[in-house]
Amino acid sequence: MKLLDVTLKDLVQSSRSYMVYIFAFVIPILVTGLFVLMFGGIGGDDESFALPRTTVVIVNLDEGQMPAGSGAFADLGLDMPQGAEAGFGEADSFGDVLSMILKSEVFADFMTVSDEVDERAARAAVDNQQAGVAIFIPANFTAAMIQPGETADVLFYQDPTLPLGPAIVESIVRQLLDNVSAGTIAIGVAINGLLQSGIVPDQALISDLVGQVTSAQSGGQGSEDGQPPELLEIQLPPGTESSGSIVTDIIGVILGGMMVFFVFYTAAAAVQTILTEEERGTLARLFTTPTSHGSILGGKTLAGVVTVIIQMTVLMVFGALLFNVFWGELPTVLMAVAGIILVSAATGLFLTSLMQNTRQGGIIFGGVLTVTGMLGLVPVFTAGVPNQPESLQIVSLLVPQGWAMRGLTISMDGGTIVDIVPVFAGLLAWTLVLGFIGQRRLQKRFA
């Protein structure tokens, strides 16, 4: 009862401070709202996030000639632009095929494609920001597609100030080339098999193999209803539903990051009342009562726990109702939230034990919590960076905020109890270590 009395007293005192409301609710919501404005709103049922359309210049230097029978590329199901209704049969080379695919209506929402015959002019267009990316198809591109052992490199020349648009174009081209390369490998295997059997294939046989392989590939590319093939397939975990908006998912990650960042401030500020009461002299009087030091320190720590529970509940309900954020399945969410609450309170207790007075709060809270918070949120800041090193993910786990964000991310991604148990164990380990050190230091200090 004495522990609960201390907790209730601290909760009443903190509820009278407007700074608690600002750091606990106003700033996280305000920062998230700014990102919503940057993305132009969260969208509704009929509105989705618009990916940037990139201006692409293609320099087709391919000098090869497609073998007979490869006209089966026309069965890919892609909507050809006006003037190319005859299909891929009009293509002389695989470079023409690639150019036609990129110009098709399938990718009209992502890129605006034009041809250029001069390499310097194409590079100049990118340098002058008239185009976002230039694609150079080499002279031996067709030869690399049909001759085993032949290789060719498609060159990308992009505007470094446009990381997203060129990355989308590159991803599309890579998948298209991978599909064609798979056919090249199949042809190579077939030719090697013939050679091992003592049969030397002539050009007519090679052309027939190319036609059969490309026809087999095209037969599996389109859907049964004749719609264009999907180059991007998004699968959700069983039992989860899509939010229907890319922006909603982005806003959810941002709000979750802000929540993790500021709960550590809230918990630390709640436990800091130990030093506040020491300076006012009320803590010494409290120690003269028949109340153990453990009950007093535990009550103040519990006040921080309750404050963080209220903070996270309000922010998560706010995100779910206003931004339609999916926080995960209930058991997984509860484990993630429980770990965040415990580790934030333990961190606050530990940091308070390092402070001699409240005047050091600005240095400890403003310095340590800011640095560790930013380090822990590295996965949030680098979420859209391609080919990021795995070390960035590992570095974030050097601080408790990184483990807290990892647990919340797993929950938001639809993870199960099995997925989050290792992260919860890590959060519990941080809680035990920091809480034990902080409790022992404070008990020794006020003994």
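**Exercise 1. Describe the second largest pocket of this predicted model by its volume and its lining.**

Solution. The volume of the second largest pocket is about 560 Å³. The next step is to find what surrounds the centre: 18 residues line the pocket, and Ser17, Val20, Ala269, Ala270 and Gln272 are the closest to its centre. These residues can then be set against the helices. Two or more lining residues come from each of α1 (2–15), α2 (18–38), α8 (246–271) and α9 (273–280). The last step concerns chemical character: the lining divides into seven nonpolar, eight polar and three charged residues.

**Exercise 2. Classify the ring pair of Phe261 and Tyr265, and relate it to helix α8.**

Solution. The count of aromatic pairs comes to four. One of them joins Phe261 and Tyr265, with 5.4 Å centre to centre and 50° between the planes. Planes under 30 degrees apart would count as stacked and over 60 as edge-to-face, so the pair is tilted. Phe261 and Tyr265 are four residues apart in helix α8, and therefore about one helical turn separates them. An α-helix has 3.6 residues a turn, so residues three or four places apart point the same way. Phe261 and Tyr265 are both buried. Ring pairs also bring in Phe262, which forms a cluster with Phe261 and Tyr265.

**Exercise 3. Classify the ring pair of Phe318 and Phe323, and state the burial of each residue.**

Solution. The ring centres of Phe318 and Phe323 are 5.6 Å apart and their planes stand at 90°, so this pair is edge-to-face. For burial, the cut-off is under 20% relative accessible area. Phe323 has 7% and is therefore buried. Phe318 has 24% relative accessibility, so Phe318 counts as partly exposed.

**Exercise 4. Identify the rings over which the charged end of Arg123 sits.**

Solution. Begin with Phe136: the charged end of Arg123 sits over this ring, 5.0 Å from its centre. Then take Tyr157: the charged end of Arg123 sits over that ring too, 4.8 Å from its centre.

**Exercise 5. Compare the span of helix α16 with the expected value, and determine how far the helix is enclosed.**

Solution. Helix α16 covers residues 400–412, which makes 13 residues. From first C-alpha to last it reaches 19 Å, close to the 18 Å expected at 1.5 Å a residue. Of these 13 residues, 10 are buried, so the rest of the structure largely encloses α16. Among the buried residues are Pro400, Met405, Leu408, Ile410 and Met412. Just after the helix, Gly414 adopts a positive phi of about 85°.

How values were computed: Residues numbered from 1 in each chain as written. Predicted model: local features only at pLDDT ≥ 70, side-chain atom pairs only at ≥ 80, totals over all residues. Heavy atoms only, no water. 1 Å grid on protein atoms, 1.4 Å probe; cavity = no way out; pocket = protein on both sides within 12 Å on 5 of 7 lines; lining within 4 Å. Points joined across faces, edges and corners; volume = space filled by probe spheres on them. Nonpolar A, V, L, I, M, F, W, Y, C, P; charged D, E, K, R; others polar. Phe/Tyr/Trp six-rings, centres within 6.5 Å; stacked < 30°, edge-to-face > 60°. Buried < 20%, exposed > 50% of the residue type's maximum accessible area, 1.4 Å probe, protein only. Lys NZ or Arg CZ within 6 Å of the ring centre and 35° of its normal. Expected span 1.5 Å × (residues − 1).
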